[in-house]
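Work through these short exercises with the model open. Try each task before reading its solution.

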Amino acid sequence: MAVLGSTGSIGTQTLDVLAAHPDAFEVVALAAGRNEALLADQAARHRPRETVLAKDEPDRLEAIATRDDVDLVVVATGGIVSLRPVLAALRAGKIVATANKETLVAGGHLVMPEARARAAAVAATTPGDPMASPLAWLRPIDSEHSAIWQCLVGEPLNRVASLVLTASGGPFLDGPADLSSVTPDQALRHPTWSMGAKITIDSATLANKGLEVVEARWLYDVDDAAIDVVVHPQSVVHSAVRFVDGSLKAQLGTPDMRTPIQYALTYPDRRPSPSAAVDLVEAGRLDFRRPDETRFPALRVAREAGRIGQRATTALIAADDVAVERFLSGSLRFDEIPALLAAAVARFGEGPDQAPDVDALLALDGEVRAAFSRGPIGAAG
Ligand SMILES: NC(=O)c1ccc[n+]([C@@H]2O[C@H](COP(=O)([O-])OP(=O)(O)OC[C@H]3O[C@@H](n4cnc5c(N)ncnc54)[C@H](OP(=O)(O)O)[C@@H]3O)[C@@H](O)[C@H]2O)c1
């Protein structure tokens, strides 16, 4: 295995899973951004053949993702930095397991054809092989997408009626009504999941759920209209699939990312896991309600960007990175985050080329960041 982003929330949990199954996995390469001390500590424990600190060697990710001795690449970085390594890894015949959203939200039109090509090559010789599916090559780690994937195993895709993505609703689900004065400390207190700062703020605004709708469209090849979002505060039902006969199949688990990480590594097999199993009696009740898109407009903005195309979703995700950074550093109010996203999509999202290549995507990402990284939102637009 190679792990890109080994020092973050997903990266460290991935190493926990790998350490629990030393007979099955070997850590060949680790890459981190700037946390030199933790990377050195991980190297001492897992003894990889190569480590990379991207702050010193930004161009090495592609090389480690395509090493001859790597079979599977775990993508646990934030941002768009892993898009090239993911494309290179798939082209080199590696399996990619990704928690990273940008890879699909911005680059779904580039990445999915590669995964489909690998699956088609297997299907041509051994049609029933578990690797004859694009999801076996591009494996989702996000708990919602893992849940949908697990529900789809063994099912004919043309019998899917819709997907149901569950959302915890974040820390402000039941108030305050006015979100203009909530602080980073309050927004970072997620009620059920423990995650990196960026995705925790995205959960509080529901932008995260919007990004997941876009990801789901690519992974499962469904229209926006066939993806429902349902708020489920207990975070036990991780997501569900509705079939044409009215059956609803869901995957349930404790809120522990080690479960979906492990499934992505062991597919199509399952192994004992360090995560606790759900106790239904202890869970007691499971609640569901519709999301409030008036208080949390980021969900609507993200869905709209997904309908426009890949320029719009690239602008959305770059703007979201900037907006969250600005909120955390005190230069943007919480309720201004969706407004900044909408402004970025309006200004940069339209255009004839809705399937930009990697260079064009990276250029657009840079333009959006430059336009919105300071000053009032209106002035930037
Ligand atoms: N955390 C979750 O539970 C969760 C759940 C679902 C999906 N996701 C998604 O998974 C991704 C990672 O999330 P996270 O919460 O784990 O983020 P995180 O804790 O912020 O970790 C990000 C990781 O990426 C590394 N990194 C940053 N720039 C890099 C570069 N240029 N090259 C190589 N590595 C680089 C960081 O290294 P340094 O720390 O050393 O700088 C760190 O290891 C995000 O896309 C997120 O949306 C996360």
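This is a predicted model: local features need pLDDT of at least 70, side-chain atom pairs count only at pLDDT 80 or more, and totals for chains, interfaces and linings use all residues. Residues are numbered from 1 along each chain as its sequence is written, and side-chain values use heavy atoms, with hydrogens and water left out.

**Exercise 1.** Find the domains and place the ligand relative to them.

Solution.
- Step 1: The protein chain splits into domain 1 (1–140), domain 2 (142–296) and domain 3 (305–381). These bounds come from an automatic or database domain assignment.
- Step 2: Domain 1 uses 31 residues to contact 28 residues of domain 2. Contact means heavy atoms within 4.5 Å.
- Step 3: Domain 1 and domain 2 both give residues to the shell around the ligand, so the ligand lies between them.

**Exercise 2.** Which residues are closest to the ligand?

Solution.
- Step 1: The ligand is surrounded by 25 residues, each with a heavy atom within 4 Å of it.
- Step 2: The closest are Thr-7, Gly-8, Arg-34, Asn-35 and Asp-142.

**Exercise 3.** List backbone polar contacts to ligand oxygen atoms (N or O pairs within 3.5 Å).

Solution.
- Step 1: A backbone N or O atom of Gly-33 is 2.8 Å from a ligand oxygen atom.
- Step 2: For Gly-196, a polar backbone atom lies 3.2 Å from an oxygen atom of the ligand.
- Step 3: For Lys-101, the corresponding distance is 3.4 Å.

Key. A polar contact is a pair of N or O atoms within 3.5 Å; within protein, one must be able to donate a hydrogen and the other to accept it, and residues adjacent in sequence count only if both atoms are side-chain atoms.
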